[in-house]
Number of protein chains: 2
Amino acid sequence: MPSRQREKLKLKAEVFKAMGHPIRLAIIEMLGKEEKCVCEIVGHVGTDTSNISKHLSILKSAGILTDRKKGLKVYYNLALPCALDFNRCVGNIILERLEAQRALMAS
Amino acid sequence: MPSRQREKLKLKAEVFKAMGHPIRLAIIEMLGKEEKCVCEIVGHVGTDTSNISKHLSILKSAGILTDRKKGLKVYYNLALPCALDFNRCVGNIILERLEAQRALMAS
DNA sequence: ATATTATTTGACTATATTCTCAAATAGAGG
DNA sequence: CCTCTATTTGAGAATATAGTCAAATAATAT
């Protein structure tokens with residue numbers, strides 16, 4: 001495989017890797033409607049600020065979020081709207097699979 | 001956050017985590033058109049069989065691939081067609097970003 | 001300047017992932 | 001049964017990631 005393509009795969013993989021953590025997915029879902037500041041995210045997701053801040057920085061490096069400062073607070077925005085679609089799609093598939101399993105058990 | 005939702009996030013995150021590796025993305029791209037056996041994948045992606053086999057098993061556990069045995073060979077199929085869409089979308093966005101950067105440099 | 005609030009960073013430990021090699025399994029054919 | 005080919009598995013080392021605590025920064029107000 002050409003090294004040009006490997007570079008491309010690596011960049012793409014980073015986006016998915018960044019989405020591959022429950023806390024980070026929760027953040028992405030939360031930013032679907034509108035920007036939130038770190039403290040709001042901490043309040044909703046429920047781990048400490050330091051941890052959330054690190055997850056936010058991973059999402060930002062991957063290009064999934066952007067941030068802007070406003071006074072003391074930092075607001076994060078979803079920069080990759082299709083991240084929401086991915087999340088929805090995977091959610092639906094998991095639901096389908098669980099239902100299929102249940103149907104199998106019930107039969 | 002309710003623990004019901006945490007479970008859901010964890011399941012979804014596993015799918016993205018599985019996609020978060022260049023070799024595994026290469027495999028997904030390769031299976032877009034039709035099923036391939038392990039030896040074909042090894043030939044195309046270019047690492048050793050043992051390593052590919054492990055990546056395949058990760059993709060299978062995440063529900064992204066299914067496999068079927070035929071003689072000596074094992075053929076892998078894409079079970080999650082939207083994985084291809086994700087990959088395309090992220091690829092486009094990365095391209096856009098690179099072009100924007102280039103435009104910025106050129107101005 | 002000091003204090004206060006919001007967020008980031010650094011150091012550290014624990015845990016998970018990746019790769020590699022050798023060995024094991026599994027099916028096909030002689 | 002033996003051999004060959006295709007694939008999986010296990011053990012080990014190297015590396016990466018996650019979480020936690022304390023300390024640092026940054027903006028604002030007193």
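At what angle do the axes of α2(A) and α3(A) cross? The legends below take up this point and then turn to other close-up views. The model is predicted: local features need pLDDT of at least 70, side-chain atom pairs count only at pLDDT 80 or more, and totals for chains, interfaces and linings use all residues. Residues are numbered from 1 along each chain as its sequence is written, while chains are lettered from A and ligands numbered from 1 in the order in which they are written.

**View 1. The crossing of α2(A) and α3(A).** The two axes cross at roughly 120° and come within 11 Å; axes are lines fitted to C-alpha atoms, for helices over the stretch in contact, and angles run from 0 to 180 degrees between N-to-C directions. α2(A) and α3(A) are therefore oblique to each other (angles under 35 degrees count as roughly parallel, over 145 as roughly antiparallel, 65 to 115 as roughly perpendicular and the rest as oblique). The crossing of α2(A) past α3(A) is right-handed, a term used if the near helix is turned clockwise from the far one by less than a right angle. Ile23(A), Ala26(A), Ile27(A) and Met30(A) of α2(A) make the contact with Ile41(A), His44(A) and Val45(A) of α3(A); two residues are in contact if their C-beta atoms, placed from the backbone, lie within 7 Å. Six of these residues are nonpolar, one is polar and none is charged (Ala, Val, Leu, Ile, Met, Phe, Trp, Tyr, Cys and Pro count as nonpolar, Asp, Glu, Lys and Arg as charged, and the others, Gly among them, as polar). Helices (H or I, at least four residues) and strands (E, at least two) are DSSP runs, numbered from the N terminus.

**View 2. The crossing of α3(B) and α4(B).** Here the axes come within 10 Å and cross at roughly 110°, which makes α3(B) roughly perpendicular to α4(B). Val38(B), Ile41(B), Val42(B) and Val45(B) of α3(B) meet Thr49(B), Ile52(B), Ser53(B) and Leu56(B) of α4(B). This contact has six nonpolar, two polar and no charged residues.

**View 3. The contact between chains A and B.** Each side is counted separately, with 31 residues from chain A and 31 residues from chain B. On the chain A side, the elements giving two or more residues are α1 (3-19), α2 (22-30), α3 and α5 (82-106). The largest share, eleven residues, comes from α1(A). Chain A is superposed on chain B by a rotation of 180° with 0.0 Å of shift along its axis (RMSD 0.1 Å); the fit is by least squares on the C-alpha atoms of residues with pLDDT of at least 70 in both copies. The two copies are thus related as by a two-fold rotation axis.

**View 4. The surroundings of DNA strand C.** This strand is surrounded by 22 residues, the closest being Val38(A), Cys39(A), Ser50(A), Ser53(A) and Ser50(B); a residue is near a strand if its C-beta atom, placed from the backbone, lies within 6 Å of it. α4(A) gives the most to this surface, with six residues. By class, the residues are nine nonpolar, nine polar and four charged.

**View 5. The surroundings of DNA strand D.** Around this strand lie 23 residues, and Ser50(A), Val38(B), Cys39(B), Ser50(B) and Ser53(B) are the closest. α4(B) gives the most, with six residues. The surface near DNA strand D has nine nonpolar, nine polar and five charged residues.
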